[in-house]
Amino acid sequence: QHPLDRRSPRHSKKIIKIPSPNRSHRLDNAIYSVSSPKNSNRMVKVLVCGPTNAGKTSIASFLADSQSAGIGAKDKLYDPTIGCRILEFEASNGANVELWDVSGDQQYESCWPAIMQGTGTGDESPVDGVVLVYNPEIATHDTEVGLWYDQFVKNAGIPDSKCLVFVHRVDPKGGYRSRPPPKLEGCTVHNTTFNSTMEIREHFDGFMQSIKGGGGGFGRK
């Protein structure tokens, strides 16, 4: 995945940098791409987090592009996100959304404080909501998603009402529903697949409405 994500001409471009993680396999001022609407007066910051290979980037790209008709493909070659990718777009309720697609690779853990607090460019911003994505078909994900919940929801002081969970399977066969780990029982949980295009957009739109209705930090200027 190229660090500069070329998207629709309906969006303008800017690039921000987050300081390099202080680890053995560090990034040298890793570049994070931003695809942004041209008129962005108020922003709602939403993180998309979860274990590796869960479908986070496919879902984030789909949500950011209202013209997109699909969510990746089950046979698509896995291309992990480097650090964090940021997409800005206008949601159906008119809010301008800043969607932070966070890598599931914990080698970037030292970047997490910057992701939670802001970019270090003078546009510091709290997190308004979190979308957790995991694949129950991968044996370790049930445990790993609980760790992501602890880090980005519980420890960050974000209420469960502002956490949306996609239990995202590759296998599109119907009838199967996964029971989420106990930690996630207070969150809004939906079972999805690569075929759940309409459902995922509707669930996210409803989530945006719930964030707005909950008050306390929705939007910023």
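Me: Let's start with a pairing: which residue in E6 is the bridge partner of Leu 47?
Reply: This is a predicted model, in which local features need pLDDT (the predictor's confidence in each residue, from 0 to 100) of at least 70, side-chain atom pairs count only at pLDDT 80 or more, and totals for chains, interfaces and linings use all residues. Residues are numbered from 1 along each chain as its sequence is written, and side-chain values use heavy atoms, with hydrogens and water left out. E3 and E6 pair in the parallel sense over four bridges, where two strands pair if DSSP finds at least two bridges between them. In E6, the partner of Leu 47 is Val 130.

Me: And in E5, which residue is the bridge partner of Met 43?
Reply: E3 has a parallel pairing with E5 as well, over six bridges. In E5, Met 43 of that pairing has as its bridge partner Asn 96.

Me: How many helices and strands are in the chain?
Reply: Helices (H or I, at least four residues) and strands (E, at least two) are DSSP runs, numbered from the N terminus. Read from that end, the order is β-β-β-α-β-β-α-β-α-β-β-α. The count is four helices and eight strands.

Me: Which element has the highest mean pLDDT?
Reply: The chain as a whole has a mean pLDDT of 75, with 67% of its residues at 70 or more. Please be careful with residues 1-34, where pLDDT stays under 50, and with residues 215-221, where pLDDT also stays under 50. The lowest mean among the elements, 40, belongs to strand E1 (residues 11-17), and the highest, 96, to strand E6.

Me: How many residues of E3 are buried?
Reply: Buried means under 20% relative accessible area, exposed over 50%, and partly exposed in between (1.4 Å probe, protein chains only). Met 43, Lys 45, Leu 47 and Cys 49 point one way from E3, while Val 44, Val 46 and Val 48 point the other way, and all are buried. E3 is largely enclosed by the rest of the structure, because its buried residues number seven of the seven.

Me: Is Asn 53 buried or partly exposed?
Reply: Asn 53 sits in the loop between E3 and helix H1 (56-64). Its phi is near 60°, a positive value in a residue other than glycine. Most residues other than glycine have a negative phi. With a relative accessible area of 40%, Asn 53 is partly exposed.

Me: How many of the residues of H1 are buried?
Reply: The buried residues of H1 include Lys 56, Phe 62 and Leu 63. This helix is mostly covered, and its buried residues number eight of nine.

Me: What does helix H3 reach from its first C-alpha to its last?
Reply: H3 (residues 141-154) has 14 residues. The expected span of a helix is 1.5 Å times one less than its number of residues, here 20 Å. The model comes close to that, at 18 Å.

Me: Which elements do the buried residues of H3 pack against?
Reply: Among the buried residues of H3 are Trp 148, Tyr 149 and Phe 152. Contact means heavy atoms within 4.5 Å. The buried residues of H3 pack against strand E3, strand E5, helix H2 (112-117), E6 and strand E7.

Me: Which residue meets Lys 183 in a salt bridge?
Reply: A salt bridge is a side-chain nitrogen of Lys or Arg within 4 Å of a carboxyl oxygen of Asp or Glu. The partner of Lys 183 lies in helix H3, while Lys 183 lies in the loop between E7 and strand E8 (188-193), so the pair ties together parts that are 33 residues apart in sequence. Lys 183 is partly exposed at 39% relative accessibility, whereas its partner is buried at 18%. At 2.5 Å, N to O, that partner is Asp 150.

Me: How many residues apart are Asp 101 and Arg 85?
Reply: Their side chains meet in a salt bridge of 3.3 Å, N to O. The pair links distant parts of the chain, with Asp 101 in strand E5 and Arg 85 in strand E4, and the separation is 16 residues.

Me: How far apart in space, C-alpha to C-alpha, are Val 165 and His 203?
Reply: Val 165 lies in strand E7 and counts as buried at 0% relative accessibility. Beyond four places in sequence, its contacts include Leu 132, Tyr 134 and Val 189. His 203 is 38 residues from Val 165 in sequence, and their C-alpha distance is 9.8 Å.
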